[in-house]
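Hi everyone, thanks for coming. Let's walk through one protein together, slowly, and please look at the picture while I talk.

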Amino acid sequence: MGFSVFVRTLILSSHTCLHSAGGIRANCKEMKTTVLRLFQQPSNGPLSQPADKPDGVHILNSTVQALKDGQVVAVPTDTIYGLACLAQNSEAIKRVYDIKGRNGNKPLAICVGEIQDIYKYCKVVVKEGLLEDLLPGPVTLVLERSDTLNADLNPFTKLVGVRIPDHPFMRRLCQVCAEPLALTSANVSTQASTVAVNEFEDLWPKLAVVVDGGPIEDQSRLGSTVVDLSVPGRYRIIRPGCAFSATVAALESKYGLLEDPGS
């Protein structure tokens with residue numbers, strides 16, 4: 001089953017305006033939000049499908065172009081809906097914080113398409129088999145960041161969370177962008193996570209593209225399990241999330257990691 005798409009462009013009430021030094025409006029244009037609807041597909045479908053189908057090419061090209069233009073997009077993942085921008089674009093990162101009303105001291109995770117990408121942006125101190133057992137999946141691994149990652153992303157910490165969602169569109173999006181996406185939940189801070197695009201419709205005017213993947217099957221709204229693996233031989237659960245038991249079982253039983261006593 002391939003990616004199909006229903007496209008509609010909404011001319012929304014928000015405006016982007018430029019002002020002269022005297023405070024007189026020099027230019028003002030309406031913000032447009034493009035809604036791209038993906039029809040349901042199996043999460044384990046071939047990653048090549050979006051690029052093989054004309055509709056899939058349109059979805060990817062539209063979303064990638066918005067990201068490359070420094071915009072913020074909404075995307076489905078394997079857990080909840082997310083807001084994404086290019087992690088290497090400092091202005092886009094600021095825009096995400098503004099859209100969410102997010103505390104500047106709360107970090108954003110990054111999303112990549114392949115296990116090998118993690119080694120470029122993070123310092124990995126666990127076996128590669130552990131990464132392969134947990135990813136792709138509903139788990140965020142917190143590792144020490146590498147110097148390759150944008151210093152303006154979470155400048156207050158040397159750590160960064162990294163995800164590979166078990167969602168073919170998201171994986172393909174990261175592959176086509178060929179750089180990490182900064183990723184956070186698609187909601188105003190302090191409000192509940194969202195599992196359908198209509199639940200964050202109030203944010204649409206601030207987004208360039210909304211990719212509607214339909215209701216997310218996991219309705220728990222718990223998000224991914226977040227685990228700190230930055231200390232060799234240790235793990236620390238930061239957020240239990242929706243894959244807590246399976247993650248801990250893999251860390252302890254298969255790889256012999258010990259829980260950090262400070263957890």
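Before anything else, a word on names: helices and strands here are DSSP runs, numbered from the N terminus, with at least four residues for a helix and at least two for a strand. Keep in mind, too, that this is a predicted model.

Let's start with the overview. The protein has 263 residues, and 49% of them count as buried. Its secondary structure adds up to seven helices and 13 strands. If you take the contacts with a separation of 6 or more, 65% of them are between residues 24 or more positions apart.

Now for some empty space. Rolling a probe the size of a water molecule over the atoms shows where such space is left. The largest pocket holds about 790 Å³. Which residues lie closest to its centre? Of the 35 that line it, they are R102, P107, T184, V226 and R239. Two or more lining residues come from each of β4, β7, β8, β9 and β12. Strand β8 gives the largest share, with four residues. By type, the lining splits into 14 nonpolar, 15 polar and six charged residues.

Next, let me show you two neighbours in sequence, S224 and T225. S224 sits in the loop between β10 and β11, while T225 belongs to strand β11 itself. Is S224 buried or exposed? Its relative accessible area is 3%, so S224 is buried. T225 is buried too, because its relative accessibility is 0%.

What do their side chains do? The side chain of S224 makes a polar contact of 2.7 Å with the side chain of T140. T225 has two partners in the backbone: its side chain reaches the backbone oxygen of P240 at 2.5 Å, and a polar atom of that side chain lies 3.1 Å from the backbone nitrogen of F244. Leaving out neighbours within four places in sequence, S224 is in contact with residues including P138, V139, R163 and R239. With residues up to four places away again not counted, T225 touches, among others, I237, C242, A243 and T247.

Let's turn to the rings. A pair of aromatic rings is described by the distance of the centres and the angle of the planes. This structure holds one aromatic pair. The partners are Y81 and F200, with ring centres 5.7 Å apart and planes at 50 degrees, so the pair is tilted. Where do the two partners sit? Y81 is in strand β4 and F200 is in the loop between β9 and β10, so the pair ties together parts that are 119 residues apart in sequence. Both Y81 and F200 are buried.

Y81 also leads us to our next stop, P76, since P76 touches Y81 along with L38, H167, M170, V211 and G213, residues up to four places away not counted. P76 lies in strand β3, and it counts as buried because its relative accessibility is 1%. Find A186 as well: its C-alpha atom is 9.3 Å from that of P76, although the two are 110 residues apart along the chain.

One of the residues P76 touches, M170, is among the buried residues of helix α6. How many of the ten residues of α6 are buried? Seven are, so to speak, tucked away, and the helix is mostly covered. Besides M170, the buried ones include P168, F169 and R171.

Last topic: backbone oddities. Most residues other than glycine have a negative phi, and most peptide bonds are trans. Here are some exceptions to look for. Just after α6, A178 takes a positive phi of about 60 degrees. N154 has a positive phi of about 50 degrees, and it is not a glycine. T190 is not a glycine either, and its phi is positive at about 85 degrees.

N154 and T190 make a nice contrast. N154 is in the loop between β7 and β8 and is buried, with a relative accessible area of 2%. T190 is in the loop between β9 and β10 and is exposed, with a relative accessible area of 84%.

And the peptide bond? The one from L135 to P136 is cis, with omega near -5 degrees. You will find P136 in the loop between α5 and β7.

That's my tour. Thanks for listening!

Methods
Residues are numbered from 1 along each chain as its sequence is written. This is a predicted model: local features need pLDDT of at least 70, side-chain atom pairs count only at pLDDT 80 or more; totals for chains, interfaces and linings use all residues. Side-chain values use heavy atoms; hydrogens and water are left out. On a 1 Å grid over the protein atoms alone, a cavity is a set of points where a 1.4 Å probe fits but cannot get out, and a pocket is an open set with protein on both sides within 12 Å along at least five of seven lines; lining residues have an atom within 4 Å of a point. Grid points are joined across faces, edges and corners, and a volume is the space filled by probe spheres set on the points. Ala, Val, Leu, Ile, Met, Phe, Trp, Tyr, Cys and Pro count as nonpolar, Asp, Glu, Lys and Arg as charged, and the others, Gly among them, as polar. Buried means under 20% relative accessible area, exposed over 50%, partly exposed in between (1.4 Å probe, protein chains only). A polar contact is a pair of N or O atoms within 3.5 Å; within protein, one must be able to donate a hydrogen and the other to accept it, and residues adjacent in sequence count only if both atoms are side-chain atoms. Contact means heavy atoms within 4.5 Å. Rings of Phe, Tyr and Trp (its six-membered ring) pair if their centres lie within 6.5 Å; planes under 30 degrees apart count as stacked, over 60 as edge-to-face and the rest as tilted.
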